[in-house]
Every structure is written in structure tokens, then in C-alpha cells.
Amino acid sequence: LAVTPPGEVPTVVAYPSAQTIPAAGALPAGGAGAVALNAAVGEREGAWVVARGGGEVTVNAAVTALEPLRVSLAWGHFVRIGARLVPDALVPWDGSPRAAEQPNQPVYVRVTVPRGTAPGTYGGSLAVTAGGQTTQVPLSVRVFPFELPDASAAGRTLLTSFHVSAPTYLSTVSRLYGFGSQAERSAAHGSLYRFLADYFLSPSSWGFGEPRTPSGYVENQKWWLDSAANMRGAASHPFAAMRVPLSSNRTAPANRIAGLSPSEPEQWCDYLRSVR
């Protein structure tokens, strides 16, 4: 990243993606006037671009010269964690005018390097308008001459079990984004498992895809009761491992999958045949 000269207070500042951006006040040291990323073929990299001063923010990406690299934007939505506001929810965004949530408004810039990309340095720019002033932020990506292994290929994926509670996730997302329909909730449930698959994380729970009774998966017109459709949707993504839908002995009786006790395996046979 090219560091802004001392004494200048730019309207727009770039930071590495690992930097925490405060909602207001002084920005962290090490800000830059340009984004410069390094990536291998098959990798995704990102950076923050922070628009200061409040008001309306717009981003226009001139990325034709970056092709075949793909550039996408996400709005840094602030959520409260304890006493702090942090931009911890990344909302997909097309760069169209949007009111800043806080005096320091971060925008996440994500670059994806598709397989088959030739090594070299690719350049483009971002036109960031904040407070009526437009700043050109150069964007360059150096693609190294090696390719990350395809983690989705058979035998190359680390078997994992990532603890996740889909109902808790859905409740939180519904509150953050003000969902007003069951269609929005159903879509968010599906997108959670697509996200996990994209990052090769196998979930330890299938959320509303878990069977509710010993009869196994059932169809239902209410999406949150339609364990069959929810499980088909989740399993359509490439997971390295799939947990058998049985609760552990640490699960409260009221929350047991299919109502089955983990300490009574003699009750499992017909159920396991059904879910298989």
C-alpha cells in the first residue's frame, strides 16, 4: 500500500483487510492512497477503502484492465459489539449512492483471481465520491506464477466440523437487516451453507434441514418445517464431510435431532435407514 504523505488528511484512505476501522475519530496509522494486492492464481484478496466525513458515498470501479480478475464491493455495515460499533457485516453493494452510517465509512474491495489467469500485474482504479468530492484510488493486483491447490478436489480437502447454529445466525441476520418476509429468511438460510461451502468449511449442524421426527426428512409448505428441501439445498454444495444427523450427549433433550436420545442407539436403525 502506498502511504499517504505526512500532514495530508485525505477524504478516502485504504487499509489492509485485517485492519479494524473505528466508526468515528482518528483513523489508524498506515493508511494509503492506493490499494496494492498480491495473490496467487485461484486466490481471493481484499482491502478496506474508508470514506471519511459522512454524507453520501459512491464507488465506481474502472476494472476493465483487471480482467479476467473479478472485483466486487461490500458495504461495511456497523453493528454493536459490547460498547463498540464495528463494521462487522459485509453487505453486497453495487457502488450506487448510499448514506454513510458513521463518520468513517468503510467499503470492502474483494478481488478474485480465477484459475487460468496469467501471472503479471493488473491495474485499475476506484472512483470514490464522499462528501461531494471524488478521489481516484489506484487498484493494482500482482498475480504470482503459481496456483493454489483446488481444495474442492477429491482427497485434497481437510475434513472439518465447523460449529454453527443456523437458527441463531438467521435470528441475528433478520434483526440486523430488518427482514420482513419468510422468503428473505429462507434465502439467508441457504446462503449460509453456500458461504461455508465456498470456504471449504463443513458445518456441524444443518439448521432447518435437520429431521424433526424419527421418520426422517419431510416436505412442508412452511420452509422452516421443510427439512427435506432445506437439506437438499445444503447438500447441493460440495462439503468434504457430512455429519450423521444425530445429537451428542451434550444436547438438551428438548433440542435433540429427531427427538432421539444419543444414549439409546437401539432406537436409531429405522431412522438412519430413512435419512440415508
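**Entry 1: ground rules and overall shape**

For this notebook, a helix is a DSSP run of H or I with at least four residues, a strand is a run of E with at least two, and both are numbered from the N terminus. I am working from a predicted model. By that naming, I find Tyr271 in helix α4, residues 269–275.

I looked up the confidence next. The protein chain has a mean pLDDT of 89, with 93% of its residues at 70 or more. Residues 1–10 are where I wrote a warning to myself, since the pLDDT there is below 50. In the model, that stretch makes 19 contacts beyond its near neighbours in sequence.

The protein chain has 10 strands and four helices. Going along the sequence, I read β-β-β-β-β-β-β-β-β-β-α-α-α-α. Its C-alpha atoms fit a box of roughly 75 × 45 × 30 Å along the principal axes. Of the 276 residues, 39% count as buried. I also looked at how far apart in sequence the contacts reach: among those with a separation of 6 or more, 66% are between residues 24 or more positions apart.

**Entry 2: helix α3**

Which residues of α3 are buried? I get Ser227, Ala228, Asn230, Met231 and Ala234, in a helix that spans residues 227–235. They sit on the same side of α3, because they cover an arc of only 165 degrees around the axis. A reminder I jotted down here: an α-helix has 3.6 residues a turn, so residues three or four places apart point the same way. As for what they face, the buried residues of α3 pack against α2, residues 182–198.

I took a closer look at Ala228, one of the residues in helix α3. Ala228 counts as buried because its relative accessibility is 8%, and the cut-off is under 20%. Leaving out residues up to four places away in sequence, Ala228 touches Tyr217, Val218 and Glu219. Tyr217 is 11 residues from Ala228 in sequence, and their C-alpha atoms are 4.7 Å apart.

**Entry 3: Tyr271, and Ala258 along with it**

Back to α4. Is Tyr271 buried or exposed? Tyr271 comes out at 1% relative accessibility, so I count it as buried. I listed what Tyr271 touches, skipping residues up to four places away in sequence: Pro211, Thr213, Pro214, Gly216, Pro245, Leu246, Ile257, Ala258 and Leu260. I checked Tyr217 from this side too: its C-alpha is 9.8 Å from that of Tyr271, with the two positions 54 residues apart along the chain.

Ala258, one of the residues Tyr271 touches, is in the loop between α3 and α4. Its phi is positive, about 60 degrees, although Ala258 is not a glycine. I flagged that because most residues other than glycine have a negative phi. Ala258 is buried as well, since its relative accessibility is 3%.

**Entry 4: Gly76 and a cis bond**

Gly76 is in strand β5. With 0% relative accessibility, Gly76 counts as buried. Apart from neighbours within four places in sequence, Gly76 contacts Pro87, Ala89, Leu90, Glu101, Gln105 and Pro106. I also took the distance from Gly76 to Phe144: the two are 68 residues apart along the chain, and 29 Å separates their C-alpha atoms.

Where is Pro68? I find it in the loop between β4 (56–62) and β5. The peptide bond between Glu67 and Pro68 is cis, with omega at about 10 degrees.

**Entry 5: pockets**

I looked at the largest pocket and noted about 940 Å³ of space. It is lined by 25 residues, and those nearest its centre are Leu90, Pro92, Tyr169, Ser191 and Phe195. Leu90 is also on my list of Gly76 contacts. β5 (70–81), β6 (84–93), α1 (166–177) and α2 each give at least two residues to this lining. By class, I have 17 nonpolar residues, three polar and five charged.

The second largest pocket has a volume of about 620 Å³. Its lining takes 22 residues, with Ser205, Glu210, Thr251, Asn255 and Ile257 closest to the centre. Ile257 is also one of the residues that Tyr271 touches. What classes make up the lining of the second largest pocket? I wrote down nine nonpolar residues, nine polar and four charged.

Note on methods:
Residues are numbered from 1 along each chain as its sequence is written. This is a predicted model: local features need pLDDT of at least 70, side-chain atom pairs count only at pLDDT 80 or more; totals for chains, interfaces and linings use all residues. Side-chain values use heavy atoms; hydrogens and water are left out. Buried means under 20% relative accessible area, exposed over 50%, partly exposed in between (1.4 Å probe, protein chains only). The arc is that of the directions from the helix axis to the C-beta atoms. Contact means heavy atoms within 4.5 Å. On a 1 Å grid over the protein atoms alone, a cavity is a set of points where a 1.4 Å probe fits but cannot get out, and a pocket is an open set with protein on both sides within 12 Å along at least five of seven lines; lining residues have an atom within 4 Å of a point. Grid points are joined across faces, edges and corners, and a volume is the space filled by probe spheres set on the points. Ala, Val, Leu, Ile, Met, Phe, Trp, Tyr, Cys and Pro count as nonpolar, Asp, Glu, Lys and Arg as charged, and the others, Gly among them, as polar. pLDDT is the predictor's confidence in each residue, from 0 to 100.
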